[in-house]
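This report describes how a ligand is held in a protein model and then turns to some features of the backbone. Please keep the sequence and the 3D view open while reading.

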Amino acid sequence: MTEDDLYTVYKGVLLPTLIHPPQSLRRYEAFTFRPDDILIVTYPKSGTTWMQEIVPLIVSGGDPASVETLHNWDRVPWLEEARSCSLDLDARPSPRMFTTHFLHHMMPPSFFQVRPKVIYVMRNPKDVFTSTFHYHRMASFLPDPEPQSNFLNKFLEGKVMFGSWFDHIKGWLNDRERIFYISYEEMTNDLIDSVARIAVFLEKSLDNDVIEKIAERCRFENMKKNSMSNYSAVPKEIMDDTKSEFLRKGIAGDWKNQLTAAEAEHFDAVYKDNTKDVDYKFAWG
Ligand code: A3P
């Protein structure tokens, strides 16, 4: 299939057509948020699934029932995906938990009227690229990422799913209203502290031993064993985990094994140029 067959252009951004049919995009546009909704926002491959494990555990006070019985896509559903049309989201009790990969300018009107709580997860874009590259190898609904040098150019130009990483980051960093910013790197550095800070943002008072247990459960090796979060339930025709696993390496800095020296240098130059006006101290330096 060609890229034209695989992608839909929505609000100027490429989306994988298979999981973003017109009816789910229309439904999201008309969606009504509640002020106590919790929304996880990420550029793909930045730690979405990880946060879909952490947030329900914080909200439940450490009770693992939902992460043991509900798939991550039902536990904290993506509002833009086809799957959300089969879920009765209005019937869910507060606080509801959702996910979106939408750029800031793509958000529906209700978001700006209601301002639910947002947790925005960022990751070193060179690692985002690396993870994206391997994801494209295993997902049949995305174009083949080979050769890597071409795919890198597409990524840097924003001609990939959910558009430009730079536009995503800049749009969400320009807002700051009821938004908690955290990075993948802060989470790999100190998961207990990260869980504690997210709990404070969510106004959930938890004892230290509960926070430690949540962090333990959310460590890469432990989450990888959770069949409700490791994507093992997705048919091989859609995601082939013999090519690459969804929970692949779970580390910061894997770009060093992926990019050539020339590619890393080019990436750094584009990064520098595109982030010079960003007023935020990123954890990856
Ligand atoms: P890698 O491909 O670098 O391993 P998303 O959920 O946004 O699609 O991001 C997927 C990335 O997050 C993958 O990165 C995956 O391994 C990583 N990830 C998921 N759960 C994690 C965890 N508990 N600890 C560390 N990394 C995790």
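The model is predicted, and the account begins at the ligand, where a backbone N or O atom of Lys249 lies 2.7 Å from an oxygen atom of the ligand. Two side chains make comparable approaches: a polar side-chain atom of Thr49 is found 2.5 Å from a ligand oxygen, and an N or O atom in the side chain of Ser131 lies 2.7 Å from an oxygen atom of the ligand. The protein covers 97% of the 570 Å² of accessible area that the ligand has on its own, and the place it occupies is the largest pocket.

| Residue | Part of the residue | Distance to a ligand oxygen |
|---|---|---|
| Thr49 | polar side-chain atom | 2.5 Å |
| Ser131 | side-chain N or O atom | 2.7 Å |
| Lys249 | backbone N or O atom | 2.7 Å |

Which elements give two or more residues to the shell around the ligand? They are helix H3, which spans residues 48-59, and helix H13, which spans residues 220-225. The largest share, three residues, is the contribution of H3. Of the 18 residues around the ligand, those that come nearest are Thr48, Thr49, Ser131, Tyr184 and Lys249. By character, the residues of the shell divide into seven nonpolar, six polar and five charged.

Away from the ligand, the structure holds salt bridges, 20 of them in the whole model. In one of these, the side chains of Glu3 and Lys154 meet with an N to O distance of 2.8 Å. Because Glu3 belongs to helix H1 (residues 3-6) and Lys154 to helix H8 (residues 148-157), this pair ties together parts that are 151 residues apart in sequence.

The backbone also deserves a look. Most residues other than glycine have a negative phi, and most peptide bonds are trans. Against that background, a cis peptide bond joins Ser94 and Pro95, with omega at about -5°, and Pro95 is placed in the loop between helix H5 (72-75) and strand E4 (97-100). Another cis peptide bond joins Glu146 and Pro147, with omega at about -10°, and Pro147 is located in the loop between helix H7 (125-138) and H8. Arg178, a residue other than glycine, has a positive phi, near 55°, and lies in the loop between helix H9 (165-173) and strand E6 (179-183).

Notes: Residues are numbered from 1 along each chain as its sequence is written. This is a predicted model: local features need pLDDT of at least 70, side-chain atom pairs count only at pLDDT 80 or more; totals for chains, interfaces and linings use all residues. Side-chain values use heavy atoms; hydrogens and water are left out. A residue is near a molecule or strand if one of its heavy atoms lies within 4 Å of it. A polar contact is a pair of N or O atoms within 3.5 Å; within protein, one must be able to donate a hydrogen and the other to accept it, and residues adjacent in sequence count only if both atoms are side-chain atoms. Accessible areas come from the Shrake-Rupley method with a 1.4 Å probe; for residues, only the protein chains shown count as cover. On a 1 Å grid over the protein atoms alone, a cavity is a set of points where a 1.4 Å probe fits but cannot get out, and a pocket is an open set with protein on both sides within 12 Å along at least five of seven lines; lining residues have an atom within 4 Å of a point. A molecule sits in a cavity or pocket if more than half of its atoms lie within 2 Å of its grid points. Helices (H or I, at least four residues) and strands (E, at least two) are DSSP runs, numbered from the N terminus. Ala, Val, Leu, Ile, Met, Phe, Trp, Tyr, Cys and Pro count as nonpolar, Asp, Glu, Lys and Arg as charged, and the others, Gly among them, as polar. A salt bridge is a side-chain nitrogen of Lys or Arg within 4 Å of a carboxyl oxygen of Asp or Glu.
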